[in-house]
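Please take a moment to look over the sequence and the model together before reading on. The paragraphs that follow move from the whole chain to its helices and then to a single residue.

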Amino acid sequence: MSKRAGYGGYALAILLISIAIDGILFSMGYADPLILISLPLILLGLYTVFFSMFAADWKYYLIWGLVMSCLGFSLFLTLFTGNLLLNFSISLIIIVVTGVIISKVGKR
């Protein structure tokens with residue numbers, strides 16, 4: 001019987017790949033800290049959201065994936081909006097509304 005890697009194995013691979021991409025960007029002279037921090041958060045968050053589709057405790061992974069990806073996108077979008085507080089506030093609204101909706105799923 002083959003043993004598949006669970007969330008941790010692939011999450012570590014995603015994290016290492018994103019750190020390697022950060023290293024490539026940094027070595028090429030692109031050292032914007034918002035991008036370098038946001039990239040691992042976005043990739044790990046998207047992976048966690050994708051993983052939640054197949055997990056038994058999908059609500060847990062979906063919420064945490066949403067939190068990580070929203071934080072990453074908030075940092076990334078600061079380059080375009082110029083307002084980190086605005087981005088974090090919008091992310092917080094998205095996280096709370098989605099969390100409330102997800103918490104109601106399956107309860108009757």
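Of the 108 residues of the protein, what percentage count as buried? In this predicted model, the share that counts as buried is 28%. The accessible surface of the protein comes to about 7300 Å², and 76% of that surface belongs to carbon and sulfur atoms. Taken along the principal axes, the box that the C-alpha atoms fill is roughly 50 × 45 × 10 Å.

The elements that make up this outline can be followed along the sequence. The protein has four helices and zero strands, so that its pattern, read from one end of the sequence to the other, is α-α-α-α. Among the contacts with a separation of 6 or more, 58% are accounted for by residues 24 or more positions apart.

Consider next the pair formed by helix α1, which covers residues 7–27, and helix α2, which covers residues 33–52. These two helices pack at an angle of about 155°, with their axes 9 Å apart; since an angle over 145 degrees counts as roughly antiparallel, α1 and α2 are therefore roughly antiparallel to each other. Their crossing is right-handed. On the side of α1 the contact is made by residues including Y7, I14, L15, D22 and F26, while α2 contributes, among others, I35, L39, P40, Y47 and F51. Sorted by class, this contact of α1 with α2 has 16 nonpolar, two polar and one charged residues.

A second pair lies further along the sequence, where helix α3 spans residues 58–81 and helix α4 spans residues 84–104. Here the packing angle is about 160°, and the axes are 8 Å apart, and by the reasoning used before, α3 and α4 are therefore roughly antiparallel to each other. The crossing in which α3 passes α4 is right-handed, and the residues of their contact divide into 14 nonpolar, eight polar and one charged.

One residue can be followed in closer detail. Is S52, which is found in helix α2, buried or exposed? S52 has a relative accessible area of 5%, and because buried means under 20% relative accessible area, S52 is buried. When its neighbours within four places in sequence are left aside, S52 is in contact with W58, Y61 and L62. These three partners fall within the residues 58–81 of helix α3, so S52 of α2 offers a place at which to look from one pair of helices towards the other.

Note on methods. Residues numbered from 1 in each chain as written. Predicted model: local features only at pLDDT ≥ 70, side-chain atom pairs only at ≥ 80, totals over all residues. Heavy atoms only, no water. Axes fitted to C-alpha atoms, helices over the stretch in contact; angles between N-to-C directions. Parallel < 35°, antiparallel > 145°, perpendicular 65-115°, else oblique. Left-handed = near helix turned anticlockwise from the far one by under 90°. Contact = heavy atoms within 4.5 Å. Nonpolar A, V, L, I, M, F, W, Y, C, P; charged D, E, K, R; others polar. Buried < 20%, exposed > 50% of the residue type's maximum accessible area, 1.4 Å probe, protein only. Areas by Shrake-Rupley, 256 points an atom, 1.4 Å probe, with all protein chains shown as cover.
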